[in-house]
Amino acid sequence: MVKVLEHYHLNENNYKIILHTPKLVKKAQPGQFVVLRVTENGERIPMSIGDMDPETGQLTIIYQILGKTTATLAAIKPGEEIMDCVGPLGNPSHVDKRGKYMVVGGGVGIAPIHPAARKARENGNEVYGIIGARTKDLLFFEEEMKKACDHLYICTDDGSYGEKGFVTTVLQRLIDEGNAPD
């Protein structure tokens, strides 16, 4: 059983859950994922790691309700437990010292780039982050990404915050301006 430390609705589509998984977090690296099982007979759902703190044993996951299992997960309250959290799984991102390092994510894709950005900066890279969402209300992790990046660019599809457009448009502009990642 895995204890839920925090759990809240971030915005229209996104939820943030923080689990206490000390052994898992000590092994986890940027780019990896976990598999959650909310109830004993529930399906196993893969989730990207949005943050991890080896000192406190906290694992952060951002998710959306897409079906029965994520709807069940959304009903879990802090202090309650989920059945299990398996991981870390998958191949970690290669985050060595290269110079200019760029992370790009939109929507829930913002969550998994956060640990990579932080690790890249810790390794001495100049980190460029580009995050985006359909609208300002759906954006999250802005403060976390500001701390993890040397340069942060924010865009929204509708122009309600930051630059109007897609993350790929900002990426192409930075490359055209001579800021291609190493």
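This tour moves through the structure in a series of selections and states what is found at each one.

**Before starting**

The model is predicted, so local features are reported only where pLDDT is at least 70 and side-chain atom pairs only at pLDDT 80 or more, while totals for chains, interfaces and linings use all residues. Residues are numbered from 1 along each chain as its sequence is written, and side-chain values use heavy atoms, with hydrogens and water left out.

**Stop 1: the open sheet**

Select strands β5, β6, β2, β1 and β7. Helices (H or I, at least four residues) and strands (E, at least two) are DSSP runs, numbered from the N terminus. These five strands form an open sheet in the order β5-β6-β2-β1-β7, with antiparallel pairing. Two strands are said to pair if DSSP finds at least two bridges between them. The edges are β5 and β7 (81-82), each of which pairs on one side only.

Begin at the β7 edge. Two bridges join β1 to β7, and Val 2 has Ile 82 in β7 as its bridge partner. Next, display β1 with β2: these strands form a hairpin with four residues between them and pair in the antiparallel sense over six bridges. Within this hairpin, Lys 3 has His 20 in β2 as its bridge partner. At the other edge, β5 and β6 are paired over three bridges, and Met 52 stands opposite Leu 59 in β6.

**Stop 2: the nonpolar cores**

Select Leu 19, Val 34, Leu 36, Leu 59, Leu 73 and Ile 82. Among the 22 residues of the largest nonpolar core, these touch the most other members. A nonpolar core is a set of buried Ala, Val, Leu, Ile, Met, Phe, Trp, Tyr and Cys residues joined through side-chain atoms within 4.5 Å. Buried means under 20% relative accessible area, exposed over 50%, and partly exposed in between (1.4 Å probe, protein chains only). The elements giving two or more residues to this core include β1 (2-9), β2 (14-20) and α1 (22-27). In soluble globular proteins, nonpolar side chains tend to be buried together.

Which residues does Leu 19 touch, not counting residues up to four places away in sequence? Its contacts (heavy atoms within 4.5 Å) include Val 2, Leu 36, Leu 59, Ile 61 and Ile 82.

Then select Ile 110, Ala 117, Leu 139 and Ala 148, which are among the 21 residues of a second, separate core.

**Stop 3: helix α3 and a salt bridge**

Display α3, which lies across β5 and β6 and runs at about 50 degrees to β5. This angle is taken between N-to-C directions, on a scale from 0 to 180 degrees, with axes fitted to C-alpha atoms, for helices over the stretch in contact. Select Arg 118 and Asp 51, whose side chains meet in a salt bridge (2.6 Å, N to O). A salt bridge is a side-chain nitrogen of Lys or Arg within 4 Å of a carboxyl oxygen of Asp or Glu. Because Arg 118 lies in helix α3 (residues 110-122) and Asp 51 in strand β5 (residues 51-53), the pair ties together parts that are 67 residues apart in sequence. Arg 118 is partly exposed, at a relative accessible area of 24%.

**Stop 4: other salt bridges**

By this rule, the count is nine salt bridges. Select Arg 173 and Glu 163, another such pair (2.5 Å, N to O). Arg 173 is in helix α5 (residues 167-176) and Glu 163 is in strand β12 (residues 163-164). Glu 142, Glu 143 and Lys 146 are joined into one network by salt bridges that share partners.

**Stop 5: the surroundings of Asn 125**

Is Asn 125, in the loop between α3 and β10 (126-133), buried or exposed? Asn 125 is buried, with a relative accessible area of 5%. Its side chain makes polar contacts (N or O atoms within 3.5 Å, one able to donate a hydrogen and the other to accept it; residues adjacent in sequence count only if both atoms are side-chain atoms). The side chain of Asn 125 reaches the backbone oxygen of Asp 96 at 3.0 Å, and the backbone nitrogen of Arg 98 lies 2.7 Å from a polar atom of that side chain. The side chains of Asp 96 and Arg 98 also meet in a salt bridge (3.0 Å, N to O).

**Stop 6: two backbone features**

Most residues other than glycine have a negative phi, and most peptide bonds are trans. Select Gly 87 and Pro 88: the peptide bond between them is cis, with omega near 0 degrees. Pro 88 is found in strand β8 (residues 84-89). Finally, select Phe 141, which has a positive phi of about 65 degrees although it is not a glycine. Phe 141 is in the loop between β10 and α4 (142-148) and is buried, at 7% relative accessibility.
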